[in-house]
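Visitor: I have a new structure on my screen and would love a guided walk through it. Could you take my questions one at a time?

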Amino acid sequence: MSTQSNQSSPNTIVSRGLDISVTVSALFFWAIVLYRSYAEGFLPSTVQYGVVFVGGIMTVYALNETKEAVEERDWIDGIVLLPASIILISAAVFFATNFELVYLQQQGYATEHQYLLARLIILSILYLTWREFGNLFLGLVGGMILYGMFGNYIADSIIISHGGMDQLTLLQTLVTDLGGFYGSLTQLTASWIAPFLLYAGLLFAYGAFDLILRVAIQSAKYIESGVAQTAVLASAVIGSINGSYTANAAMTGSFSIPTMKESGMSGYRAAAIEAVASTSGQVLPPVMGASAFIMASTLQTSYINIVVAGLVPAAILVACISIAVHYTAISDQSSQSMDFESFFDDSLTTTDKVVETVRFGVPFLVLIGLLGVLQYTVTTSAMWTIFSMIGFGVFLPVVRAAITGDSPLGELVNQFWNTVHGFRRGAVILAPIAIILVAVSGVVGILQVTGVPSKIAIMIMGISGGVLLFAVLLAMAVSILMGVGMPTAAAYVIVSVLIAPALTNNFDIPQIASHYTVFYAAILAGITPPVATAAVVAAGIAEANFWRTCGAAIKIAAPLFVLPVAFVYNTSLVSFSLGLTTIWVGLLVLLGAIAIIYGLNYPFSLGFWQTVLARIGLSVVGVVVMVHPNHIVKIVGIAVFAAVFFGEKMLYGDMDRPTTGGAQ
């Protein structure tokens, strides 16, 4: 016993020291980010700031991951991780301190030791990409590097062939010219995305997501499918912020899936609901898994325009998924009851509810007011949102403590440490997202040099034969393929460069509609087999069959597979101005989506073949209503759906439980 204690003691000391270092480095990193947001004269060049940002976030990442490696006694990982991280940190210091020389005086060439550093940076990025996101994404980034160097070996008859890049050109493109890995996407991450992830970290630390879960679970008392709807609400809200449907499925699925199973729901259906909810959360404004900021930058429009354009599609999505989940829940004959006390040790008093509402509501209103009303920049709006979140997050509980007779000083100390924890958590959340976006920024640099996007556009045009429907379906298929295993923002970047321009340039689709089409399609990778990473995680938690989980998820999310096509044929659905036309078309498309949901998920009290025909017929009607641009056709389709809906109720009554094979 004594020997074991002595052996573990040094590890404990090292782990504790690294833990403190992570917190200190996170605080220092966010101090730079916030000061740069406040003082525009500090690091005025976005390129130089991007370089400093990479060095700062890599410092936090290296310390945090090394701490975890020490705790898990994974010495090999620690031995490889540290050199890779130190290379990126050292490179950031070198490029930041020699910025004028490297960026202004040496464009197009570099010294031999700079090229050597560039090679080490590429290897480090590849290793960290593999470490965080596995072989699939390593294959994408590494494959693009090989494609950039050896594209000249591809036969000229193949459209994606190009002249090839020699090694020095590749090194300049990716590193030494401070484009590539340090390019516009990395700079955007530093200026726009990072502050919002700090906001997310503070929300976690102050208990906002605990409040979301309380609201969701309380709502279960009033809705028949309440337990399942809890998963939808919690996963959607949290998923909009965290930027990864896979991580979201793991986070919220850990409590929602067991709860649904305890209520009597089948494991594969519980997993399917969680996978769909986690995936759909990525498209919800105002954050959209960080993609809203990238889309605004890509389209050279204001961030608020992107949010406005996404409101109606998001409303359609949430409404039809909630209905599908309701039908799925009642099809399982589960009790859908929930014991509130089993989740939380205490209940909120009326005073607590008021304080918490003000505490989290005011900073959010600050964000909306600055962005939407006063039209401040994203960076400035995020900064003041963070400051207001800290102010209300710390001092409202102190005031409440003083009123209720508790110790204000004790509460102040408690909230101080919550704030520190929020800063740390924000940096830890940001680190893997920053790594993947740095890697994707390099991929985008290679794509731009080789001219692949225009060639992809020509290829899509050629295969589709100039038929818009075929082109959209092909674009969706490629977008789903590109979205496999990627965080939302990274997937969107790839498809926005490769696919969206083809729809706009060849078919005159408005840019915003093209980008929303490929964006919505890319996230479908989370529930589309054979990879379906969100479904994989959820099925693992539920101990359910993966293929049955995917099948149930696709039934629930069926309108999500149709919406991207609807955007192309009904471009007013995604408009920068939320006018009557957009709302009217959105209502018609929503009714079409409900027809699909009803057809696929409602537990009909019909015979087997009658049920099959009803499901197929209603699905076809729903697709036509969602996609067809003619309003008369839409209204006729809705009338057919209404006739079937009310006819079934008149003949068989409003059966909430299946009695035949219709529930299968």
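Visitor: Where does serine 575 lie?

Guide: Happy to start there, with the reminder that this is a predicted model. The stretch to look at comes after helix 24 (558-569) and before helix 25 (580-601). Serine 575 lies in the loop between helix 24 and helix 25.

Visitor: Which residues does serine 575 touch, not counting residues up to four places away in sequence?

Guide: A distant part of the sequence comes in here: serine 575 and glycine 310 are 265 residues apart in sequence, yet 8.1 Å apart in space, C-alpha to C-alpha. Serine 575 also has a polar atom of its side chain 3.1 Å from the backbone oxygen of serine 577. Setting aside residues up to four places away, serine 575 touches Val308, Ala309 and Thr582.

Visitor: How many helices and strands are there in the chain?

Guide: Let me give you the overall frame as well. The C-alpha atoms fill a box of roughly 80 × 75 × 55 Å along the principal axes, and 57% of the 664 residues count as buried. As for the elements, the chain has 27 helices and zero strands.

Visitor: What is the radius of gyration of the chain, and what would a compact globule have?

Guide: Contacts tell part of the story: among those between residues at least 6 apart in sequence, 76% join residues at least 24 apart. For 664 residues, a compact globule would have a radius of gyration near 26 Å. The chain agrees with that, at 26 Å.

Visitor: Why is helix 6 described as largely enclosed by the rest of the structure?

Guide: Helix 6 spans residues 167-176, and what covers its buried residues includes helix 3 (75-97), helix 4 (99-105), helix 5 (112-150) and helix 16 (408-450). The buried residues are Leu170, Leu171, Gln172, Thr173, Leu174, Val175 and Thr176. Helix 6 is largely enclosed because the buried residues number seven of 10.

Visitor: Which residue caps the N-terminal end of helix 6?

Guide: Look for a side-chain oxygen beside a backbone nitrogen. The nitrogen belongs to leucine 168, and the oxygen lies 3.2 Å from it. The capping residue is aspartate 166.

Visitor: Is leucine 178 buried or exposed?

Guide: Leucine 178 follows helix 6 and is found in the loop between helix 6 and helix 7 (184-206). Its phi is positive, about 60°, although leucine 178 is not a glycine. Most residues other than glycine have a negative phi. With a relative accessible area of 2%, under the 20% cut-off, leucine 178 is buried.

Visitor: And glutamate 543, is that residue buried or exposed?

Guide: Glutamate 543 has a positive phi too, near 55°. Its place is in the loop between helix 22 (533-542) and helix 23 (546-556). Relative accessibility is 73%, and the cut-off is over 50%, so glutamate 543 counts as exposed.

Visitor: Which residues form the nonpolar patch on the surface?

Guide: Helix 1 (2-38) and helix 15 (378-404) each supply at least two residues of the patch. Another member, tyrosine 376, lies in the loop between helix 14 (350-373) and helix 15, and is partly exposed at 40% relative accessible area. Together the patch has about 780 Å² of accessible area, and its residues are Tyr35, Tyr38, Val373, Leu374, Tyr376, Trp384 and Phe387.

Visitor: Which residue forms a salt bridge with arginine 359?

Guide: The partner lies three residues away in helix 14, about one turn of the helix. Both residues of the pair are buried. The closest N and O atoms are 3.4 Å apart, and the partner is glutamate 356.

Visitor: What is the N to O distance in the salt bridge of arginine 400 and glutamate 356?

Guide: This pair links distant parts of the chain, with arginine 400 in helix 15 and glutamate 356 in helix 14, 44 residues apart. Both arginine 400 and glutamate 356 are buried. Their side chains meet with an N to O distance of 3.5 Å.

How values were computed. Residues are numbered from 1 along each chain as its sequence is written. This is a predicted model: local features need pLDDT of at least 70, side-chain atom pairs count only at pLDDT 80 or more; totals for chains, interfaces and linings use all residues. Side-chain values use heavy atoms; hydrogens and water are left out. Buried means under 20% relative accessible area, exposed over 50%, partly exposed in between (1.4 Å probe, protein chains only). Helices (H or I, at least four residues) and strands (E, at least two) are DSSP runs, numbered from the N terminus. Contact means heavy atoms within 4.5 Å. A polar contact is a pair of N or O atoms within 3.5 Å; within protein, one must be able to donate a hydrogen and the other to accept it, and residues adjacent in sequence count only if both atoms are side-chain atoms. Patches are made of residues with over 30% relative accessible area and no salt bridge: like charges are joined within 9 Å, nonpolar side chains (Val, Leu, Ile, Met, Phe, Trp, Tyr) within 5 Å. Accessible areas come from the Shrake-Rupley method with a 1.4 Å probe; for residues, only the protein chains shown count as cover. A salt bridge is a side-chain nitrogen of Lys or Arg within 4 Å of a carboxyl oxygen of Asp or Glu. The radius of gyration is taken over C-alpha atoms; the globule rule is 2.2 Å times the number of residues to the power 0.38.
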